[in-house]
Each structure stands twice: as C-alpha cells, then as structure tokens.
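Here is a set of exercises for getting to know a new protein. Take each task in turn, try it yourself, and then read the worked solution.

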Amino acid sequence: MKDVKTLGTAVVLGALGLWACSSSETATPGTGNGATNGTNGTTGGTPTASAAATNTSASGSTTNTTAASGTPTAGSTTTTAGSTTGGGPVTCSNSDLATLPVDDTGWVARECNSSGIQGAWYCYADGVGTSDCVEGATPYRAGGGMCLTGSTVVNAEGEYGAWGAGIGLSLNETGEGADGSASVKSPYNATANGVAGFAISITDPSGIGTGSKKIRVGFTGTAEPTELPAPFYEVPGPGDYVVMLADALVPAAWDVENAGMLADPTNLYDMQIQIVGGEDPAAAYDFCVASVTPVGEDGNVIVGETVQPYGSQVCGNLDTITLGNEYAVQNNVWNSQGSGTQCVSALWNNGKSAGFIASPQGIDIAAEVGPKSYPSVVLGWHYGTFHGSYGAARQISTLTTIPSKWTYTVPTGTESYNVSYDIWIHSQNNPPAPNGSLELMIWANHRDTVPIGQLVEENFSIAGGNWEVWYGQNTNGWNVVSYVNIANPSGVELDVAEFVNNAVTRGYAASSDYLLGVQAGFEIWRGSSEFRSDSYTITIN
C-alpha cells in the first residue's frame, strides 16, 4: 500500500458512526434512520439491497480464454472464476483473491476471495443532506469503485438526524435463492477466517474529497436496525489506511447504552464507510472506496500456514488461474492427439506456497506420442508471457540459488505419468515459442514412462540423490535433458540451480543463456484419477 497512515495506537482505516458527536462529546444520539434507504448506518440497519445482491445477478459465465488449437503448451491467462451459493458459475473481476471484488455487479462472491466474505455493496444516506445514493442501485462508478457524492447538513441543536451518508458491504449474506427466496444475513466470523482488519483505499476522484469532514469505518453486530451506534474508527478523509478490528469502538464519552463497546470480530454483519454529517460547517463530498483487502494480525495480507482451495475449478484447455503476483496454475492439455479431458483447481496460502488438484478423465495417449497433458504451477515464462513474481528472464551467470520444496500425491492405479519440473532455457530473453531452446526436466517421480532421447548416465549424484540423465531432441525443435530420480520419492527439496549449472557443464546450455521460467506439475499419458500437488514453493535468486 502507498501512504499508509498510522492513527492512534494502531495502523487503522477508521470507523463509522451514525452521529456527529466527537469522541469528547456527550450526547443522546437519535436513531439515524435515513429516509432514502433501508439502513441506519452504523446502528446496524438492513442495507438497501441492490439487484446485484441476488445470486441471479452474480451468476455469469466463467471467463475462459484459450489459445488457438494445435499450439503445443501455449496458453493465455483467464480470470479466476467461482460459483455463487446458488450453484451457477460467476466471473471474479479480481485476479488476486486476497482482495475483495469492487465492480459493477455489486456482489462479492465467497469464491472470489480467500477470506470467506460474501455479500452486497450498497449505499445509505440520512435523507436530510443531498446524496446520489439511489435505493436498489449499486453505487459503482467506472474507474473509481464504490462512490458517493453529495453534501452534508448541520443538525439543529438537540437533533441528530443529519448523520451523513456512506457505503456498506454485507459480510455474510446468502443472496437471493434460485427459488426467489430472500437473501439471509448471518454473522461473519473474522477470527475463524484469520481476518484481523481491512486495508482500504478511499480516493478523491474529483478534488472535492470530504472537505473538513472525517470518515468513519464501522462494523455492525446485528442484522436488523438498532438504536445504538456500532463500533467505528475515524480517519481524516480520503487516503490509504489499514483498520484493525480491535481498534473499532463506540466512544466511551458518548451518552449511549453501549458506550465503550468494541467490535466483536466473531460477530460482524456489515462494514460501513461513512462521511460524518451534522457538524458545522456543512460540506460537499465526493469519495470512492477503490479497494478492500482483509489483513491479518500484523496488518499485512493474510498468509496461511497451509495451502487452501483458491478460486474455482477450470476445465478449458490452457485455462490459467492467477495466484496473486506469485504464480499461475495452468490446465495444460496441449497434445491434440489421444483422448480425454482434464480440469484443475488451485491451492494457495496467499504467499509463496501453492498447489493444485488435477482431475483427468479418460486421458490415454500412445507412449511415443505423449504426454497428453501437463497441469502445472508456472513461475516466469510460458510462450511469450511471464507469470508470477519472476517477471523477466535472467542470464544463468547471474543466478545464485533456486531453492524449491514440493510434496505431491499420485494415484496408485495403472496411470502413466511423471512428476516433473519443466525449466526453459534460451539464448533469447523472451522468445514467442521454445524452438531452439533447452528444456531441462527434473523427474521427481514417475510410472511407466521414459524421457525423450537416450540414457547418457545411469547413476548421477546431485541434489542429495541419485539420478539417471537422459538427453535428446523434441520433434518440435528443441533439445531436452531429463534428470530422473531413481528413488521415486513422494516429495523433494532441492536447488534447481544445481541442475541448471550441470546442464551448462555438460554443454547443453551456455552461462550466457537465459532462464525463462520454471514449471512444476504432472505429465500424464494415461489416467482418470486425481493428481494432487499438495504444497510447492520455489524462489529464483
């Protein structure tokens, strides 16, 4: 994040309150019910439901972009897709599932984020000041996010009706059922999902901002309206902030029954971002919620200890699932010969650990023609496109280490496959195709398959193990060296750079050549059972 502001004792985004009392004032707030919508702001009112809050609106078709047929191992990137609780597929506009979708559907699907949040974006207003909040409409503005414009009004003495306006997001909502049943809101347990706060970017799209008015970000604890304010934290206006749930509270000085109450992270219904009205002077405002990212206890994007399901399954040839800025998972069914289909689903911990589950059906291809598919995790180059954190090729001479750790689960039946790293090396730093390159493969495990070419060494010691070394030429126009693990382990921990340097020593590559990228997956010749990459990490140093 840029320009993150530290407020009070924590790095925070703010908190939302309905009323214009500052933390040093005492007052008896009114109910804050807005005339133009069905919510009363931070008192925990029922948000005005937009059309996008139904599963019908949220269900579109999965975005799957495939490359032209007949191009071996080439593919194009797709957006990660999920399905609503109604069962239909939905396209996720956010490629990074660590963040929440902010788009014109007005709906955050649980499958489109890694924090278990699902609900509708909405707006609400006091009905006293002016606001462009429209009942039943998503407050989305193209290029801005969820936006609100209008002006506040000063309360008359002893009155509290002009509390302002805001943008809200329900955190655990079913959406309208396929049978037309109403959407149901339930409490969201942030603690159970590892969420301790939210990084939020509030922008000023027109230069108006919020004037001298502050913004409160609050968290409601009921599905239905109450006459009590919800815990909030206050920020000075547009900017990038991180709010921790532990810092959201109802000011102890307020003359209300729940004064001093903290947000309960196990019982959250809505997050609401509100401009404070009622105080003198009145002010025009124009602000947008551009992005929202759940964060952990350290205020950073949540990184889990283990990989978890990420996004939804994709089944189109060469579909990819982007894992933030770290990796991509590809459903690479590149060989047009043979039979069978395949789907993949991704696993990720929002950090360096990734994985996937490949589900082939009826894959069968002649041994001399195959493999049929290579579902895999991609870091770096793939047919002219770079994926993940390795964004540009580097010459081998500049590399130091490439540590990697990989565990996997393979079928115990009659499948034919290998478990392999696929490393691309070329004299060019971004060729459109691998013709003229060296394909370096590290076979960690295999059954009923042999590499391309001839066996050149039967028992070579490298990376703490014993390996066969094979060398030959792919009929598509590049050379292949394969290191085959004799022990067939269920996991490996090795330095890929050792193999790259050995290929240079053998004369198969030059130190001036470029390491284009590293992939890790399963080459499948025959199979209908699940292949699982349980956990995989790699770093190119």
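The exercises below deal with a predicted model, and they move from disulfides to salt bridges, a helix and pockets.

**Exercise 1. Find the disulfides and describe how they are paired.**

Step 1. Start with the chemistry: a disulfide is a covalent bond between the sulfur atoms of two cysteines.

Step 2. Look for cysteine sulfur atoms within 2.5 Å of each other. The count comes to 4 disulfides.

Step 3. Number the bonded cysteines along the chain and read off the pairs. The pattern is 1-2, 3-4, 5-6, 7-8.

**Exercise 2. Compare the surroundings of the disulfides Cys92–Cys112 and Cys147–Cys288.**

Step 1. Begin with Cys92 and Cys112, whose sulfur atoms are 1.9 Å apart. The torsion about their S-S bond is -75 degrees, and the link is left-handed.

Step 2. Place this pair on the chain. Cys92 sits in the loop between β4 (89–91) and β5 (107–108), while Cys112 sits in the loop between β5 and β6 (119–125), 20 residues apart. Both cysteines, Cys92 and Cys112, are buried.

Step 3. Turn to Cys147 and Cys288, where the sulfur atoms are 2.0 Å apart. Here the S-S torsion is 105 degrees and the link is right-handed.

Step 4. Place this second pair too. Cys147 belongs to strand β9 (residues 145–151) and Cys288 to strand β16 (residues 284–295), so the disulfide ties together parts that are 141 residues apart in sequence. Cys147 and Cys288 are also buried.

**Exercise 3. Decide whether Cys315 and Cys343 are buried or partly exposed.**

Step 1. Check the bond: the sulfur atoms of Cys315 and Cys343 are 2.0 Å apart, and the two form a disulfide. Its torsion is about 110 degrees, so this disulfide is right-handed.

Step 2. Locate the partners. Cys315 lies in the loop between β17 and β18 (319–323) and Cys343 in strand β20 (residues 339–348), so parts 28 residues apart in sequence are tied together.

Step 3. Apply the cut-off: buried means under 20% relative accessible area, and exposed means over 50%. Cys315 has 40%, so Cys315 counts as partly exposed. Cys343 has 16%, so Cys343 counts as buried.

**Exercise 4. Work out which parts of the chain are joined by the salt bridges of Arg141, Glu234 and Glu457.**

Step 1. Get the overall count: the structure holds 9 salt bridges.

Step 2. Follow Arg141 to its partner Asp286, with the closest N and O atoms 3.1 Å apart. Arg141 is in strand β8 (residues 140–141) and Asp286 in strand β16, so the pair ties together parts 145 residues apart in sequence. Arg141 is partly exposed at 28% relative accessibility, whereas Asp286 is buried at 5%.

Step 3. Follow Glu234 to Arg216, where the closest N and O atoms are 2.7 Å apart. Glu234 is in strand β13 (residues 232–235) and Arg216 in strand β12 (residues 215–220), 18 residues apart. Glu234 is partly exposed at 24%, while Arg216 is buried at 1%. Add Lys214, and you have a network of salt bridges linking Lys214, Arg216 and Glu234.

Step 4. Follow Glu457 to Arg506, a salt bridge of 2.8 Å from N to O. Glu457 lies in strand β28 (residues 454–462) and Arg506 in the loop between α2 and β32, so parts 49 residues apart in sequence are tied together.

**Exercise 5. Describe helix α2 from its cap to the residues that follow.**

Step 1. At the N-terminal end, Asp495 caps α2, with a side-chain oxygen 3.0 Å from the backbone nitrogen of Ala497.

Step 2. Within α2 (residues 496–505), the buried residues include Val496, Phe499 and Val500.

Step 3. Just after α2 comes Gly507, with a positive phi of about 85 degrees.

**Exercise 6. Describe the two largest pockets and their linings.**

Step 1. The largest pocket holds about 670 Å³ of space. Its lining has 35 residues, and Trp334, Gly370, Pro371, Ile452 and Asn474 are the closest to its centre. By class, this lining has 15 nonpolar, 15 polar and 5 charged residues.

Step 2. The second largest pocket holds about 360 Å³. Among its 19 lining residues, Asn113, Ser114, Ser115, Gln308 and Pro309 lie nearest the centre. Strand β17 (residues 308–314) gives the largest share of this lining, 4 residues. The classes here are 5 nonpolar, 12 polar and 2 charged.

Conventions:
Residues numbered from 1 in each chain as written. Predicted model: local features only at pLDDT ≥ 70, side-chain atom pairs only at ≥ 80, totals over all residues. Heavy atoms only, no water. 1 Å grid on protein atoms, 1.4 Å probe; cavity = no way out; pocket = protein on both sides within 12 Å on 5 of 7 lines; lining within 4 Å. Points joined across faces, edges and corners; volume = space filled by probe spheres on them. Nonpolar A, V, L, I, M, F, W, Y, C, P; charged D, E, K, R; others polar. Helix = DSSP H or I, 4+ residues; strand = E, 2+ residues; numbered from the N terminus. Buried < 20%, exposed > 50% of the residue type's maximum accessible area, 1.4 Å probe, protein only. Polar contact = N/O pair within 3.5 Å; in protein donor to acceptor, adjacent residues only side chain to side chain. Salt bridge = Lys/Arg side-chain N within 4 Å of Asp/Glu carboxyl O.
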